[in-house]
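Me: Let's go through the contacts in this model, one question at a time.

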Amino acid sequence: MRSQFPGTSDDMVSVGRAMVEAITELRQAINSIFGTISSTGLFTMPAADTFVVLTPQAVAGSVILLQAVDASAATLQAGTSALYVDRAVTVAGTSFTVKTADAGAAAGTEQFAYVLINPAG
């Protein structure tokens, strides 16, 4: 195997370090453009039309992505009661709020995952 990679082990260590530095710089560039993932989590929507998700990473400009993680959540998202994030009631350092689109109550069993991305800044 050594014949496939000519050079000393110091050369390979140098190449490895250069790769780590390049990946770190790329990550920093992406974060400066798109923001950083600050939080992930799960919640179950109660039998209500509004739910406050507690997370201290929420800020006014947070982008919150929701994903249905069970069949009842997928059914909710496919209908007129689909959940949305009401950015107007995001409380910095405390929470974000989800609501049903038609103001009807969810069944109370729907499970969602979320990713909270905070803007670069």
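Me: Which residues does F96 touch, leaving out those up to four places away in sequence?
Reply: This is a predicted model, where local features need pLDDT of at least 70, side-chain atom pairs count only at pLDDT 80 or more, and totals for chains, interfaces and linings use all residues. Residues are numbered from 1 along each chain as its sequence is written, and side-chain values use heavy atoms, without hydrogens and water. Contact means heavy atoms within 4.5 Å. On that basis F96 touches F51, V52, V53, T55, I64, V85, T90, Y114 and L116.

Me: Which element gives the most residues to the largest nonpolar core?
Reply: Such a core is a set of buried Ala, Val, Leu, Ile, Met, Phe, Trp, Tyr and Cys residues joined through side-chain atoms within 4.5 Å. F96 is among the members of this 15-residue core that touch the most others. Elements giving two or more residues include α2 (71-78) and β5 (95-100); helices (H or I, at least four residues) and strands (E, at least two) are DSSP runs, numbered from the N terminus. The top contributor, with 3 residues, is β6.

Me: Is S95 buried or exposed?
Reply: S95 lies in strand β5. Buried means under 20% relative accessible area, exposed over 50%, partly exposed in between (1.4 Å probe, protein chains only). At 4%, S95 is buried.

Me: Which residue meets K99 in a salt bridge?
Reply: A salt bridge needs a side-chain nitrogen of Lys or Arg within 4 Å of a carboxyl oxygen of Asp or Glu. K99 is partly exposed, at 24%. Its partner, at 2.8 Å from N to O, is D86.
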